[in-house]
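Good morning, colleagues. Please take a moment with the sequence and the structure on the screen before I begin.

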Amino acid sequence: MEFQDLLDEPFVAAGDQTGAWREHWLAAEERGGYPVRVGAVTSRPDEWLAAVAGGCVALAPVSVARFYSHPDVVFRPVRGVSPSRVGLARPRARTHAVVLDELMMAIARRAGVDAGAGRPSTH
């Protein structure tokens with residue numbers, strides 16, 4: 001499915017206070033100035049699923065399909081929207097926890113970045 005085919009549909013949105021997060025999940029940049037039609041504003045997964053089941057459209061990461069379900073909601077891939085990015089950060093002065101250190105290193109290896117600097121790895 002192409003994102004452009006969804007532009008006239010009512011979308012589920014997060015509240016205005018979420019700022020860039022709201023804009024990202026409404027694909028504001030990909031709309032090219034085309035106004036979003038907000039069909040529901042939600043703040044919890046159950047509300048979000050109910051809004052989609054009620055006829056709204058929502059963009060979501062692939063993981064949502066694995067963790068949330070509703071008998072009246074179908075997840076489909078959409079082309080024409082930017083991928084989402086997730087970041088994991090912690091203060092440098094924080095006491096190191098072995099489990100968190102291992103998670104950071106695994107993510108860094110997978111992403112090809114230096115876990116200590118947040119830059120692409122040189123090795």
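Are Phe3 and Phe11 buried or exposed? Both are buried: Phe3 is, and so is Phe11. I should say at once that this is a predicted model.

Let me stay with these two rings. Phe3 and Phe11 form an edge-to-face aromatic pair, with 6.2 Å from centre to centre and 70° between the planes. The count of aromatic pairs comes to three. Phe11 has a further partner: Arg31 lies over the face of this ring, at 4.7 Å from the ring centre.

Another of the pairs joins Trp21 and Trp25. Their ring centres are 5.8 Å apart and their planes stand at 70°, so this pair is edge-to-face. Why are these two separated by about one helical turn? Because Trp21 and Trp25 are four residues apart in helix α1, which covers residues 20-25. In general, an α-helix has 3.6 residues a turn, so residues three or four places apart point the same way. The two partners nevertheless differ in their surroundings. Trp21 has a relative accessibility of 56%, and therefore counts as exposed, whereas Trp25 has a relative accessible area of 18% and is buried.

I turn now to the interior. The largest nonpolar core has 10 residues, namely Phe3, Leu6, Leu7, Phe11, Ala13, Trp25, Leu26, Ala27, Val57 and Leu59. You will recognise Phe3, Phe11 and Trp25 in that list. A second core, separate from this one, has nine residues, and Leu49, Val52, Cys56 and Val73 are among them.

Ala13, a member of the largest core, deserves a closer look. Setting aside residues up to four places away in sequence, Ala13 touches Arg22, Leu26, Val38, Ala40, Val41 and Thr42.

Thr42, the last residue in that list, lies in the loop between β2 and α2. With a relative accessibility of 12%, Thr42 counts as buried, because the limit for that class is under 20%. What does Thr42 contact, leaving aside its neighbours within four places in sequence? The residues are Val12, Ala13, Ala14, Gly15, Glu47, Trp48 and Ala51.

This brings us to helix α2, residues 45-53. Within α2, the residues Trp48, Leu49, Ala51 and Val52 are buried. Viewed down the helix axis, the buried residues of α2 fall within an arc of 160°, so they line one face of the helix. What covers them includes strand β1 (10-13), strand β2 (37-41) and helix α3 (62-67). Just after α2 comes Gly55, which takes a positive phi of about 120°.

Further along is Ala58, in the loop between α2 and α3. At 22% relative accessibility, Ala58 counts as partly exposed. Apart from neighbours within four places in sequence, Ala58 is in contact with Phe11, Val12, Trp48 and Val52. Two of these partners, Trp48 and Val52, are among the buried residues of α2. Ala58 and Glu9 are separated by 49 residues in sequence, yet their C-alpha atoms are 9.6 Å apart in space.

I come finally to the charged side chains. How many salt bridges are there? The count comes to four. One of them joins the side chains of Asp16 and Arg22, with 3.4 Å from N to O. Here, too, the partners differ in accessibility. Asp16, at 63% relative accessibility, is exposed, whereas Arg22, with a relative accessible area of 13%, is buried. Arg22 also appeared earlier, among the residues that Ala13 touches.

Arg44 takes part in two further bridges. With Asp46, the closest N and O atoms are 2.9 Å apart. With Glu47, the corresponding distance is 3.3 Å. Arg44, Asp46 and Glu47 are thereby linked in a network of salt bridges. As to accessibility, Arg44 is partly exposed at 44%, Asp46 is partly exposed at 44%, and Glu47 is partly exposed at 28%. Glu47 is also one of the residues in contact with Thr42.

To close, I would point you back to two places on the screen. One is the largest nonpolar core, which includes Phe3 and Phe11. The other is helix α2, whose buried residues line one face. Thank you for your attention.

Conventions. Residues numbered from 1 in each chain as written. Predicted model: local features only at pLDDT ≥ 70, side-chain atom pairs only at ≥ 80, totals over all residues. Heavy atoms only, no water. Buried < 20%, exposed > 50% of the residue type's maximum accessible area, 1.4 Å probe, protein only. Phe/Tyr/Trp six-rings, centres within 6.5 Å; stacked < 30°, edge-to-face > 60°. Lys NZ or Arg CZ within 6 Å of the ring centre and 35° of its normal. Core = buried A, V, L, I, M, F, W, Y, C linked by side-chain atoms within 4.5 Å. Contact = heavy atoms within 4.5 Å. Arc of directions from axis to C-beta.
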